[in-house]
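Dear colleague,

Please find below the structure that I would like to hand over to you. My notes on it follow directly after.

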Amino acid sequence: MALKETFYISHGSPTLSIDETLEARKFLQSWKKDVFPQKPTSILVISGHWEAKVPTVNVVDSVNDTIYDFYNFPKQMYQLKYPAPGAPKLARRVKELLKESGFSRVDEDTKRGLDHGAWVPLFLMYPEADIPVCQLSVQSHQDATYHYNMGKALAPLKDEGVLIMGSGSAVHNLREIDRHSSTVAPWALEFDNWLKDSLLQGRYEDVNHYEEKAPHAKKAHPWPDHFFPLHVAIGAAGQNSKAKLIHSSIDLGSLSYASYQFTSADS
């Protein structure tokens, strides 16, 4: 079952796992019904919460551990589990494709499970936890074009039924979060709208060079770890893919949950 789509999901705060008031939570809970009814053979998540010096895949032969990589949150969040099977064949296929495309070194991690950038959205999207999941790291010392090319290398996975999902946040500056704000910071809205317009108009090269092209780029992403998964998703969809905004909401004054679908041009 070949897939034509890749996705970038803004997972926002870890409280997405329990906060019933978040619009993004309702969006993800409706995933199979309203967004993507096809069941993939396996899922590859590129999460902003896993950085490594070189591309690294988690190779898990049994069940993925649930990683609680957040601190001082409600106790019930640390009791949630997402026991999805590992996807070792997918992990090694990812490694093969990256090396064939010129990524000279790709490491394997046999101990790492799923960080909250992976398991929190999947907990809502696929609550049965019955689809094998593999993660691929980002390299924040590299640039957006590097991650776009990583996505291009992974494009054949779609033909193998693999759901390629970047997981980050369209605007992600934790220092600017305002827990008491009922309005959106103008700079965050301006960046969010620039990103939407650029993607929907197919200006992917502008998005690859967002630091020069986008308003408030450094404020929206002081560190690029939550943005680079987007570039992987774009690259994996193909140069002439069509972008679609599938969810938009902003919480805490500036934390954007904007999420996108990219559909290959030959679909």
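**The largest pocket**

The largest pocket holds about 430 Å³ of space. A pocket is an open set of points, on a 1 Å grid over the protein atoms alone, where a 1.4 Å probe fits, with protein on both sides within 12 Å along at least five of seven lines; lining residues have an atom within 4 Å of a point. Its volume is the space filled by probe spheres set on the points. There are 22 lining residues, and G12, S13, P14, F73 and L174 lie nearest the centre.

This is a predicted model, in which local features need pLDDT of at least 70 and side-chain atom pairs pLDDT 80 or more, while totals for chains, interfaces and linings use all residues. Residues are numbered from 1 along each chain, and side-chain values use heavy atoms, without hydrogens and water.

**The nonpolar cores**

The largest nonpolar core (buried Ala, Val, Leu, Ile, Met, Phe, Trp, Tyr and Cys residues joined through side-chain atoms within 4.5 Å) has 52 residues, of which L44, L154, L199 and F262 touch the most other members. A second, separate core has 34 residues, including L16, Y82, L122 and M165.

**Residue S256**

Is S256 buried or exposed? S256 is buried (under 20% relative accessible area, 1.4 Å probe, protein chains only), because its relative accessible area is 0%. The side chain of S256 makes a polar contact (N or O atoms within 3.5 Å, one able to donate a hydrogen and the other to accept it) with the side chain of D192, at 2.8 Å.

With kind regards

Terms used:
Buried means under 20% relative accessible area, exposed over 50%, partly exposed in between (1.4 Å probe, protein chains only).
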